[in-house]
Amino acid sequence: MEPNVPTRTARSADALRPDDGRLVRGRRSRARIRAAARALFRERGFDRATLREIAGRAGMGASSIYRHVRTKHELLVLELADLQEEAWLTFRRSDDPKRPTRERIRAFFDAQHALLASDADLTVIALRATTYPDAPVARRVLALHDRTIGLLAEILQNRQRHDLAGDIDVLASARTLFHMATGARISWANGLISEAGCRQVIDAAVDLLFRGISAEAKPG
């Protein structure tokens with residue numbers, strides 16, 4: 001009687017072993033690292049917090065953290081990305097597409113600024129990072145800026161009929177809005193204006209821009 005020889009199908013099935021738990025443990029470790037980084041950034045500030053301290057707070061060895069993240073700047077970008085998405089979701093929950101576009105843009109900036117102001121240190125570091133364009137973190141932060149510009153463009157694109165001039169450049173307008181808000185935040189981050197003052201500057205900038213792109217705008 002011939003011995004039982006595993007078929008090709010059986011051998012393939014044996015190769016597809018069930019998850020041994022490493023994936024789940026990896027996700028849990030990354031979640032602990034991010035929670036520890038968030039806490040230390042708020043307690044000590046981004047500059048003074050070290051990756052070794054983050055590892056200790058997360059309950060792992062200093063060398064183990066490098067399996068999940070190489071620099072604290074990577075953690076900074078992850079936190080900023082989360083703040084960005086949370087701002088967009090907050091805006092969308094209460095957004096009414098039938099409202100005037102100017103009001104919708106201001107509502108988006110309000111939602112965004114409320115979250116950025118809650119983590120002022122991260123906002124300052126992110127703004128500072130963009131002044132070093134060759135640094136990897138700068139490129140990733142600038143990519144988040146492009147994402148914000150895209151969200152603003154989406155609001156402008158989905159405007160009410162006759163709300164804005166029909167021939168406006170949506171992308172150029174979105175970029176202008178973004179950079180006006182960023183300029184105000186740079187002043188706030190450097191202590192030149194208060195948080196309330198920053199909001200007022202952004203509101204005034206939005207009003208000024210909309211006077212130029214609104215459907216009622218008259219040529220000079």
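Mentor: Rings of Phe, Tyr and Trp (its six-membered ring) form an aromatic pair if their centres lie within 6.5 Å, and the planes count as stacked when under 30 degrees apart, edge-to-face when over 60, and tilted for the rest. We shall use this on a predicted model, in which local features need pLDDT of at least 70 and side-chain atom pairs count only at pLDDT 80 or more, while totals for chains, interfaces and linings use all residues. Residues are numbered from 1 along each chain as its sequence is written, and side-chain values use heavy atoms, with hydrogens and water left out.

Trainee: How many aromatic pairs does a search of the whole structure find, and what kind of pair do the rings of Trp 88 and Phe 91 form?

Mentor: When the whole structure is searched, four aromatic pairs are found. The ring centres of Trp 88 and Phe 91 lie 5.3 Å apart and their planes stand at 35°, so this pair is tilted.

Trainee: Which helix holds both Trp 88 and Phe 91?

Mentor: Helices (H or I, at least four residues) and strands (E, at least two) are DSSP runs, numbered from the N terminus. Trp 88 and Phe 91 are three residues apart and so are separated by about one helical turn, both lying within residues 72–94, which is helix H4.

Trainee: Is Trp 88 buried or exposed?

Mentor: Buried means under 20% relative accessible area, exposed over 50%, and partly exposed in between (1.4 Å probe, protein chains only). Phe 91 has a relative accessible area of 2% and is therefore buried. Trp 88, at 8% relative accessibility, also counts as buried.

Trainee: What kind of aromatic pair do Trp 88 and Phe 108 form?

Mentor: This pair links distant parts of the chain, with Trp 88 in helix H4 and Phe 108 in helix H5, 20 residues apart. The rings are 5.8 Å apart from centre to centre, with 75° between the planes, and the pair is edge-to-face.

Trainee: Which residues form one aromatic cluster?

Mentor: Two members of the cluster, Phe 108 and Phe 109, are among the buried residues of H5, and Phe 108 has a relative accessible area of 1%. With their partners from H4 included, the cluster consists of Trp 88, Phe 91, Phe 108 and Phe 109.

Trainee: Which helix gives the largest share of the largest nonpolar core?

Mentor: A nonpolar core is a set of buried Ala, Val, Leu, Ile, Met, Phe, Trp, Tyr and Cys residues joined through side-chain atoms within 4.5 Å. The largest one has 28 residues, of which Ile 105, Phe 108, Phe 109, Leu 152, Leu 156 and Leu 177 touch the most other members. H4, H5, H7, helix H8 (170–189) and helix H9 (195–213) each supply at least two residues, and the largest share, seven residues, comes from H8.

Trainee: Which residues does Leu 177 touch, leaving out those up to four places away in sequence?

Mentor: Contact means heavy atoms within 4.5 Å. By that rule, and not counting residues up to four places away, Leu 177 touches Ile 105, Phe 109, Leu 152, Leu 156, Val 206, Leu 209 and Phe 210.

Trainee: How many helices and how many strands does the chain have?

Mentor: Along the sequence, the pattern reads α-α-α-α-α-α-α-α-α. The secondary structure therefore comes, by the DSSP runs described earlier, to nine helices and zero strands.
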